[in-house]
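Reader: I like to know what stands behind each label before I trust it. Can we go through this one term by term?

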Amino acid sequence: MSTVLFEPFRIKVVEPIRISSKEERFEWMKQAGFNVFNLTAEQVMIDLLTDSGTSAMSHDQWAALQSGDESYAGSKSFLELEEVAKDIFQKDIIIPVHQGRAAEHLLFSVLVSEGDMIPSNGHFDTTGANIEDNGGEPINLPLEAASKISVSHPFKGNMDIEKLRVFLTDNGSKVPFVMLTISNNTGGGQPVSLENIEAVHAVCQEFSKELVIDACRFAENAHFIKKREKGYEELSTKEIAQKVLSLASIITFSGKKDALVNIGGLLCLNNEELAEKLKNRLIVTEGFATYGGLAGRDLAAMAQGLREVLDERYLDYRLRTIEWSVERLYERKVPVMIPAGGHAFYLDSKSFFPHIPPEHFPGIALVAELYMRAGVRAVELGNVAFGKRDSLGNNIFPPLDLVRFAFPRRVYTQAHIEYVADSITELYEERESVQGYAFEHEAPVMRHFRSTFRPLGSM
Ligand code: F0G
């Protein structure tokens with residue numbers, strides 16, 4: 001069998017990549033305060049900052065844009081989207097929103113009150129932030145294995161069922177609902193098994209709690225189940241996705257991932273009374289219930305993207321892309337998280353640069369150096385992004401200091417990916433020459449977005 005990645009599409013429209021020199025990139029990085037968020041897109045050659053809203057749309061999606069119905073109420077594009085979404089998400093009521101966090105904001109503003117606690121296998125940062133915004137506390141109950149980058153587990157994104165049971169026994173009265181994020185982005189893009197989702201559902205029934213699924217990457221997660229979980233080989237990925245999603249009472253969804261669009265999201269549920277409240281709030285914050293902050297053409301593109309994303313050839317290629325990158329890095333002894341996740345691979349900065357102490361941010365060094373050497377943009381999700389300070393100003397670091405390389409869907413070719421793997425390997429081979437970074441300006445929250453840095457030592 002050829003190990004070549006067969007991209008199941010051909011390229012009809014191209015966007016040139018500006019090939020820059022190391023000298024140019026060093027100058028741009030200085031101007032950007034050594035934070036890749038401050039670079040312009042044109043200064044980046046391969047952009048793996050996020051897989052969100054960065055997909056290439058198909059020709060059928062572009063055609064759908066042309067037929068978008070821009071009516072304020074009762075848009076035909078909404079009705080089309082509603083039909084596709086009801087079928088996949090297995091819910092009767094579909095509420096459009098402009099992106100995933102808008103669904104979170106809307107739902108939590110109705111369901112979360114001061115002092116509530118929301119357990120999950122791993123809340124994404126906006127999910128946690130929206131819970132906190134409504135006075136609640138996000139609680140993560142991942143598997144032990146999730147915090148060990150070199151421990152392989154087919155469903156490392158699972159929730160720890162025992163911990164959930166204990167948590168609900170102790171705090172049940174403060175828990176309005178339980179959440180599951182599929183796949184588990186915070187835990188390395190790792191999938192959640194159907195067995196685990198069924199077990200979480202059963203515990204929710206036992207404690208009379210609703211199950212809310214954050215289904216951003218539902219198609220990738222369902223395909224992992226087909227590939228890795230016994231008993232599901234014969235079902236189609238779509239059937240698996242429907243089985244998974246039918247277990248949720250409510251679904252939040254960012255279309256910017258598995259609807260293959262650049263903007264859009266959904267909130268899906270069966271409870272009519274709750275839906276009435278949500279739709280009334282929706283008018284205040286997003287818009288009428290048949291457009292939810294989106295243009296009719298965006299709804300049409302999302303409907304078509306949902307029709308395409310469950311194509312198993314596409315999903316084979318998608319998962320194999322990340323797996324292929326991880327194999328390359330693993331065989332070259334680069335400290336990469338195993339097994340491969342669905343939308344990204346993650347490097348362990350601490351093991352990549354063991355000579356850089358945590359307070360000199362090895363993850364920032366990795367991201368900055370890789371950009372300057374190769375023009376590849378990744379994101380630090382470690383000591384800067386998730387680190388905090390105690391009341392004395394001392395650093396509190398998260399358990400894992402990671403750098404994420406997230407792949408836009410249908411955008412880069414195998415040659416691009418090989419270039420990324422080779423560039424990382426070269427940097428790893430020269431790791432001893434790299435020094436750490438210090439804050440020039442430290443942003444008060446979500447520090448990776450707005451802080452600036454200065455390289456330590458000679459440059
Ligand atoms: N839930 C998960 C699991 C996510 O990964 C994201 C976004 C959201 C919710 C929010 O959706 O961006 O449409 O508002 N993740 C992006 C990322 C930003 O880079 O991982 P959104």
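Reader: Which residue stands opposite Arg404 in S14?

Author: That's Tyr346, facing Arg404 of S14. Keep in mind that the model is predicted.

Reader: What makes S9 and S14 a pair?

Author: Two strands pair if there are at least two bridges between them. S9 and strand S14 (residues 402-406) have five bridges, in the antiparallel sense, so they count as a pair by that cut-off.

Reader: What is the strand order of the open sheet, and why are some of its strands called edge strands?

Author: The order is S9-S14-S11, three strands with antiparallel pairing. Strand S9 (344-348) and S11 each pair on one side only, and that makes them the edge strands. Ignoring direction, neighbouring strands of this sheet are turned by 35 degrees against each other on average.

Reader: Over to helices. Why are H8 and H9 called roughly perpendicular?

Author: Helix H8 (residues 218-228) and helix H9 (residues 237-245) pack at an angle of about 110 degrees. The class runs from 65 to 115 degrees, and H8 and H9 are therefore roughly perpendicular to each other. Their axes are 8 Å apart, and H8 passes H9 in a right-handed crossing.

Reader: What makes a space in here a cavity, and how many are there?

Author: A 1.4 Å probe has to fit inside but be unable to get out. By this rule there are three cavities of 30 Å³ or more. The largest cavity holds about 140 Å³ of space.

Reader: How do you know which residues line the largest cavity?

Author: A lining residue has an atom within 4 Å of a cavity point. For the largest cavity that gives 15 residues, with Glu104, Phe124, Thr126, Cys216 and Lys257 nearest its centre. Helix H4 (100-111) and strand S7 (250-254) each supply at least two residues of this lining.

Reader: What is the mix of classes in that lining?

Author: Three nonpolar, seven polar and five charged residues line the largest cavity. In this scheme Glu and Lys count as charged, while Phe and Cys count as nonpolar.

Reader: And what about the second largest cavity: what is its volume, and what lines it?

Author: Its volume is about 80 Å³. There are 13 residues lining the second largest cavity, and Asn35, Val36, Ile364, Val367 and Glu380 are the closest to its centre. Helix H14 (362-374) and strand S11 (379-381) are the elements that give two or more residues to this lining. H14 has the largest share, three residues.

Reader: How does the lining of the second largest cavity divide by class?

Author: Ten nonpolar, two polar and one charged. Val and Ile go into the nonpolar class, and Glu goes into the charged one.

Reader: Now the backbone. Which peptide bonds are cis, and what are their omega values?

Author: One joins Ile182 and Ser183, with omega about -15 degrees. Ser183 sits in the loop between strand S5 (177-181) and helix H7 (194-206). Another runs from Ile338 to Pro339, with omega near -10 degrees. You'll find Pro339 in the loop between helix H12 (312-331) and S9.

Reader: Last one: what makes the phi of Phe34 worth flagging?

Author: The phi of Phe34 is positive, about 50 degrees, although Phe34 is not a glycine. Phe34 belongs to the loop between helix H1 (22-31) and strand S1 (46-47).

How values were computed:
Residues numbered from 1 in each chain as written. Predicted model: local features only at pLDDT ≥ 70, side-chain atom pairs only at ≥ 80, totals over all residues. Heavy atoms only, no water. 1 Å grid on protein atoms, 1.4 Å probe; cavity = no way out; pocket = protein on both sides within 12 Å on 5 of 7 lines; lining within 4 Å. Points joined across faces, edges and corners; volume = space filled by probe spheres on them. Helix = DSSP H or I, 4+ residues; strand = E, 2+ residues; numbered from the N terminus. Axes fitted to C-alpha atoms, helices over the stretch in contact; angles between N-to-C directions. Parallel < 35°, antiparallel > 145°, perpendicular 65-115°, else oblique. Left-handed = near helix turned anticlockwise from the far one by under 90°.
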